Amino acid sequence: AKSQDEVKESYGRRAGLESQYSWRLGEALRTRTLWLLVLTQILSGLAVSSVVLHEFSYVKQLGYSTAVAAGVLSTHSGLAMAFRPVWGLMLERVPVRFAMSAVYLGTGGALLILLNARSIPMVFLFAAVYGTSVAGLAVSQAIIFPNYFGRDNVGTIRGFVMPLSMPAGALGPFLVSVAFDTKGTYFMAFTVLMFLMLVSAVIMLLVKPPVRR
């Protein structure tokens, strides 16, 4: 923006999608909204990192070849990259909590497909649904903080949140590994991951923009 007028014009275009008030960290910490966002990011972090690390082994355990397992991983990754701009365009027009809920619902639905996969087309359907859904995760998680808490202090707020949510991304794959070593199968662990994503989808619908008193 070259002037304050352009900033105001931007806020005007995004009326109803973005907070015009920039919350300070102390104010944000006193809102239920921030802590629900932290909760959903922890739950989704446990699930997403675990799927990325273990889906290849899961498909192999189902009895498919290394080539099929690699194809599933490549399909997931390729679609996740290709659909990020689509989610970005959507987030310019749709309230971010609905988009994030759709991301969580799509990834949870994809895991349900994988848990019931009995053929090669089914495992590739999982990869397609999961890839197109998870493409919106990084985009929506980045944009929800300036949308909900304004732009001026977004670095401080995200800097507080990320150390709370990021460890889940490291812990999830480890817990899935322990579950596999204990049970000899990924089925139970991936069932839990599916429920984490579906619970996140429901919680996200409740995460309305904070209201300044």
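Guide: Welcome! A residue is called buried when its relative accessible area is under 20%, and exposed when that area is over 50%. The model above is a predicted one.

Visitor: Are Phe-126 and Tyr-130 buried or exposed?
Guide: Let's use the cut-off we have just met: buried means under 20% relative accessible area. Both residues lie in helix α7. Phe-126 and Tyr-130 fall into the same class, and that class is buried.

Visitor: How far apart are the ring centres of Phe-126 and Tyr-130?
Guide: The two residues are four apart in helix α7, which means that they are separated by about one helical turn. Their rings form an aromatic pair of the tilted kind, with 35° between the planes. Centre to centre, the distance is 5.6 Å.

Visitor: How many aromatic pairs does the structure hold?
Guide: A pair of aromatic rings is described by two values, the distance of the centres and the angle of the planes. To count as a pair here, the ring centres must lie within 6.5 Å. The number of aromatic pairs in this structure is seven.

Visitor: What is the angle between the ring planes of Tyr-58 and Phe-190?
Guide: These two rings are 4.6 Å apart, centre to centre. Planes under 30 degrees apart would be stacked and planes over 60 edge-to-face. This pair is tilted, and the angle between its planes is 40°.

Visitor: Which parts does the pair of Tyr-58 and Phe-190 tie together?
Guide: Tyr-58 has 2% relative accessibility, so it counts as buried. Phe-190 counts as buried too, at 0%. The two are 132 residues apart in sequence, so their pair links distant parts of the chain, namely helix α3 and helix α9.

Visitor: Which residues form one aromatic cluster with Tyr-58 and Phe-190?
Guide: We already know that Tyr-58 and Phe-190 form an aromatic pair. The cluster takes in two further members beside them, Phe-180 and Tyr-186.

Visitor: Which element gives the most residues to the largest nonpolar core?
Guide: That core has 58 residues, and those with the most contacts inside it are Phe-126, Phe-149 and Phe-190. Elements giving two or more residues to the core include α3, α4, α8 and α9. With twelve residues, the top contributor is α7.

Visitor: How far apart are the end C-alpha atoms of helix α4?
Guide: Helix α4 has 17 residues, running from 66 to 82. At 1.5 Å a residue, the helix should span 24 Å. The end C-alpha atoms agree with that expectation, as their distance is 24 Å.

Visitor: Within what arc do the buried residues of α4 fall?
Guide: The buried residues of α4 are Val-68, Ala-69, Gly-71, Val-72, His-76 and Ala-80. Seen down the axis of α4, they line one face of the helix, because they fall within an arc of 160°.

Visitor: Which exposed residues sit on the face of α4 turned away from its buried side?
Guide: The buried residues of α4 pack against α3, α5 and α7. The face turned away from that buried side carries two exposed residues, Ala-67 and Met-81.

Visitor: Which residue forms a salt bridge with Arg-24?
Guide: The structure holds one salt bridge. The closest N and O atoms of that bridge are 3.4 Å apart. The partner of Arg-24 counts as buried because its relative accessibility is 14%, and this partner is Glu-27.

Visitor: How far apart in space are Pro-173 and Ser-49, C-alpha to C-alpha?
Guide: Pro-173 lies in helix α8 and counts as buried at 9% relative accessibility. Leaving aside residues up to four places away in sequence, Pro-173 touches Ser-49, Ser-50, Leu-53 and His-54. Although Pro-173 and Ser-49 are 124 residues apart in sequence, their C-alpha atoms are separated in space by 6.4 Å.

Visitor: What distance separates the C-alpha atoms of Asn-153 and Leu-25?
Guide: Asn-153 is found in the loop between α7 and α8, and with 22% relative accessibility it counts as partly exposed. Beyond its neighbours within four places in sequence, Asn-153 contacts Ser-22, Trp-23 and Arg-24. Asn-153 and Leu-25 are 128 residues apart along the chain, yet their C-alpha atoms are separated by 7.2 Å.

Definitions and conventions. Residues numbered from 1 in each chain as written. Predicted model: local features only at pLDDT ≥ 70, side-chain atom pairs only at ≥ 80, totals over all residues. Heavy atoms only, no water. Expected span 1.5 Å × (residues − 1). Buried < 20%, exposed > 50% of the residue type's maximum accessible area, 1.4 Å probe, protein only. Arc of directions from axis to C-beta. Contact = heavy atoms within 4.5 Å. Core = buried A, V, L, I, M, F, W, Y, C linked by side-chain atoms within 4.5 Å. Phe/Tyr/Trp six-rings, centres within 6.5 Å; stacked < 30°, edge-to-face > 60°. Salt bridge = Lys/Arg side-chain N within 4 Å of Asp/Glu carboxyl O.
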